[in-house]
Number of protein chains: 2
Amino acid sequence: MSRGTRTVIPARTGWSGLLTAGTRFRVIDIDGGQAADLWTFNAERPQEHLSAHHSRVHEGEIYPRVGWTFVTNERRPILRFVEDTSPGRHDCLVAACDRPRYELLGAGSSHGSCEENLLEQAAELGIALDYAPQPVNVFANFRVYPDGRLELEPCVSRPGDAATFELLMDAVVVLSACPQDIVGFQPGGPTDMAVEVLEIAGREAPGN
Amino acid sequence: MSRGTRTVIPARTGWSGLLTAGTRFRVIDIDGGQAADLWTFNAERPQEHLSAHHSRVHEGEIYPRVGWTFVTNERRPILRFVEDTSPGRHDCLVAACDRPRYELLGAGSSHGSCEENLLEQAAELGIALDYAPQPVNVFANFRVYPDGRLELEPCVSRPGDAATFELLMDAVVVLSACPQDIVGFQPGGPTDMAVEVLEIAGREAPGN
């Protein structure tokens with residue numbers, strides 16, 4: 001694996017970067033058992049963004065895995081899933097946790113959530129988001145059973161496991177180290193994560 | 001079953017109504033084998049709307065069925081699925097068909113789509129939508145297999161089958177008789193549908 005700039009994302013907080021087409025970035029579960037919410041927006045027009053419901057139809061599958069090309073709400077390729085050292089459990093069906101989620105769980109309105117992390121990161125970049133799209137929940141082990149049940153099962157990612165993505169257009173990437181500590185799918189409790197942005201020297205950035 | 005005002009939705013077109021909390025409406029597949037896309041927006045603030053990804057978590061299931069309460073992107077109840085005479089196959093995973101979908105399928109940009117029907121209905125009501133939320137695809141028989149495959153299998157609704165919903169807040173309801181005639185999940189081809197808005201005389205409209 002090539003190495004790049006590694007940044008720790010402290011537990012419960014967000015990270016964002018404006019990255020050019022062709023850039024690869026790696027999402028790392030430092031301690032294991034922790035999920036990260038991932039969003040990707042067209043750098044020119046954030047109203048075009050990675051769309052889970054369009055991507056599911058594009059791939060004809062519901063569980064993101066290596067080889068997937070995520071598409072936008074305009075059905076254009078935006079992100080490729082290129083490498084994965086984890087057991088390979090990821091989700092794109094479940095909404096980001098948000099303030100109403102924690103209020104309904106009895107945790108009050110100051111708990112912190114992935115949606116608030118997204119909006120904060122977007123605001124820092126000067127992007128006004130009207131809504132939070134469905135994220136890709138990296139390392140989230142949410143399972144659909146044949147009868148349609150959707151179970152938020154515990155993450156199975158191990159310490160140091162990494163999922164690597166490649167951008168197919170210039171994009172704003174937002175990550176949130178999920179602060180969920182009530183619904184028990186993060187057996188490690190909310191922990192730090194890391195993101196490593198890999199160099200693209202020596203190769204052409206692909207167009208789209 | 002109580003009767004109400006029945007309106008035919010011509011094949012490939014949309015319908016919308018501003019309905020008060022407590023109103024029930026029935027989506028009818030006149031000829032069978034045809035799907036309708038359904039959206040519901042808070043009448044006061046359309047930026048709050050039925051959200052498939054929040055509803056899946058709320059119900060802990062992926063296939064909408066009688067008994068479901070759909071919630072909004074603010075996790076508030078907006079719609080209840082109260083009655084169903086069909087075999088019970090419905091979807092909330094697959095994006096509405098849109099112009100890029102038909103362009104990619106080789107059908108050109110003037111085919112017509114559920115997303116365009118939504119935007120047209122919203123515009124007629126003076127609602128400016130920034131994006132098309134994931135719809136509920138009534139009578140769409142899309143199936144998830146244990147390995148994660150998502151298959152757009154043919155609709156199994158029969159002539160006259162009806163799905164009935166009750167509003168839990170004042171809302172704008174939009175329906176689209178899906179014009180999909182390339183991907184073969186509508187064995188009847190695009191056909192007319194109908195909507196029947198039922199009276200609520202004699203009962204209190206529930207609050208939320």
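**Exercise 1. The largest pocket**

Task: State how much space lies in the largest pocket, and describe the lining of this pocket.

Solution.
- Step 1. The largest pocket holds about 750 Å³ of space. The model is a predicted one.
- Step 2. Its lining counts 41 residues. Closest to the centre are Tyr131(A), Ala132(A), Pro133(A), His49(B) and Tyr131(B).
- Step 3. Sort the lining by class. There are 16 nonpolar, 14 polar and 11 charged residues.
- Step 4. Look for helices in the lining. From chain A, helix 1 (52–59), helix 2 (99–104) and helix 3 (114–124) each supply at least two residues. From chain B, helix 1 (52–59) and helix 3 (114–124) each do so too.

**Exercise 2. The cavities**

Task: Find how many cavities of 30 Å³ or more the structure holds. Then describe the largest and the second largest.

Solution.
- Step 1. Six cavities reach 30 Å³ or more.
- Step 2. In the largest cavity lies about 140 Å³ of space. Of its 16 lining residues, Val94(B), Ala95(B), Cys97(B), Phe142(B) and Phe185(B) are the closest to the centre.
- Step 3. Classify that lining. It has 11 nonpolar, two polar and three charged residues.
- Step 4. Turn to the second largest cavity, with about 120 Å³ of space. Here 15 residues form the lining. Val94(A), Ala95(A), Cys97(A), Phe142(A) and Phe185(A) are the closest to the centre.
- Step 5. Classify again. The lining of the second largest cavity divides into 10 nonpolar, two polar and three charged residues.

**Exercise 3. Surroundings of helix 1 in chain A**

Task: Is helix 1 of chain A largely enclosed or left open by the rest of the structure? Identify what covers its buried residues.

Solution.
- Step 1. List the buried residues, using the cut-off of under 20% relative accessible area. In helix 1 of chain A they are Ala52(A), His53(A), His54(A), Ser55(A), Arg56(A) and Val57(A).
- Step 2. Draw the conclusion. Six of the eight residues of helix 1 of chain A are buried, so this helix is largely enclosed by the rest of the structure.
- Step 3. Find the cover. From chain A, it includes strand 5. From chain B, it includes helix 1, helix 2 (99–104) and strand 9 (150–153).
- Step 4. Check the residue just after the helix. There, Gly60(A) takes a positive phi of about 65°.

**Exercise 4. The open sheet of chain A**

Task: Give the strand order of the six-stranded open sheet in chain A, and explain why strand 1 and strand 5 each have one side without a neighbour in the sheet.

Solution.
- Step 1. Read the order: 1-12-3-10-6-5, with antiparallel pairing.
- Step 2. Go to the edges. Strand 1 (4–9) and strand 5 (69–71) of chain A each have a single partner strand, so one side of each lacks a neighbour in the sheet.
- Step 3. Add the twist. On average, neighbouring strands of this sheet are turned by 25° against each other, direction ignored.
- Step 4. Take one pair. Strand 3 (residues 24–29) and strand 12 (residues 193–198) of chain A run antiparallel and are joined by five bridges. Within this pair, Val27(A) has Val195(A) as its bridge partner.

**Exercise 5. Positive phi outside glycine**

Task: Place Arg75(A) and Phe139(B) in the fold. Are Arg75(A) and Phe139(B) buried or exposed?

Solution.
- Step 1. Start with Arg75(A). Its phi is positive, about 65°, although the residue is not a glycine. Arg75(A) sits in the loop between strand 5 and strand 6 (77–84) of chain A.
- Step 2. Apply the cut-off of under 20%. At a relative accessible area of 10%, Arg75(A) is buried.
- Step 3. Repeat for Phe139(B). Its phi is also positive, about 70°, and it is not a glycine. Phe139(B) lies in the loop between strand 7 (136–138) and strand 8 (141–144) of chain B.
- Step 4. Phe139(B) has a relative accessible area of 1%, so it is buried.

**Exercise 6. Two residues, two settings**

Task: Is Asn137(A) buried or exposed? Is Glu44(B) buried or exposed?

Solution.
- Step 1. Locate Asn137(A): strand 7 (residues 136–138) of chain A.
- Step 2. Its relative accessible area is 4%, so Asn137(A) is buried.
- Step 3. List its contacts, leaving out residues up to four places away in sequence. Asn137(A) touches Ala36(A), Asp37(A), His90(A), Asp91(A), Val94(A) and Phe142(A).
- Step 4. Locate Glu44(B): the loop between strand 4 (36–42) and helix 1 of chain B.
- Step 5. Its relative accessible area is 66%, so Glu44(B) is exposed.
- Step 6. Set sequence against space. Glu44(B) and Val172(B) are 128 residues apart in sequence, and their C-alpha atoms are 9.2 Å apart.

How values were computed:
Residues numbered from 1 in each chain as written. Chains lettered and ligands numbered in written order. Predicted model: local features only at pLDDT ≥ 70, side-chain atom pairs only at ≥ 80, totals over all residues. Heavy atoms only, no water. Pairing = 2+ DSSP bridges. Helix = DSSP H or I, 4+ residues; strand = E, 2+ residues; numbered from the N terminus. Axes fitted to C-alpha atoms, helices over the stretch in contact; angles between N-to-C directions. Buried < 20%, exposed > 50% of the residue type's maximum accessible area, 1.4 Å probe, protein only. Contact = heavy atoms within 4.5 Å. 1 Å grid on protein atoms, 1.4 Å probe; cavity = no way out; pocket = protein on both sides within 12 Å on 5 of 7 lines; lining within 4 Å. Points joined across faces, edges and corners; volume = space filled by probe spheres on them. Nonpolar A, V, L, I, M, F, W, Y, C, P; charged D, E, K, R; others polar.
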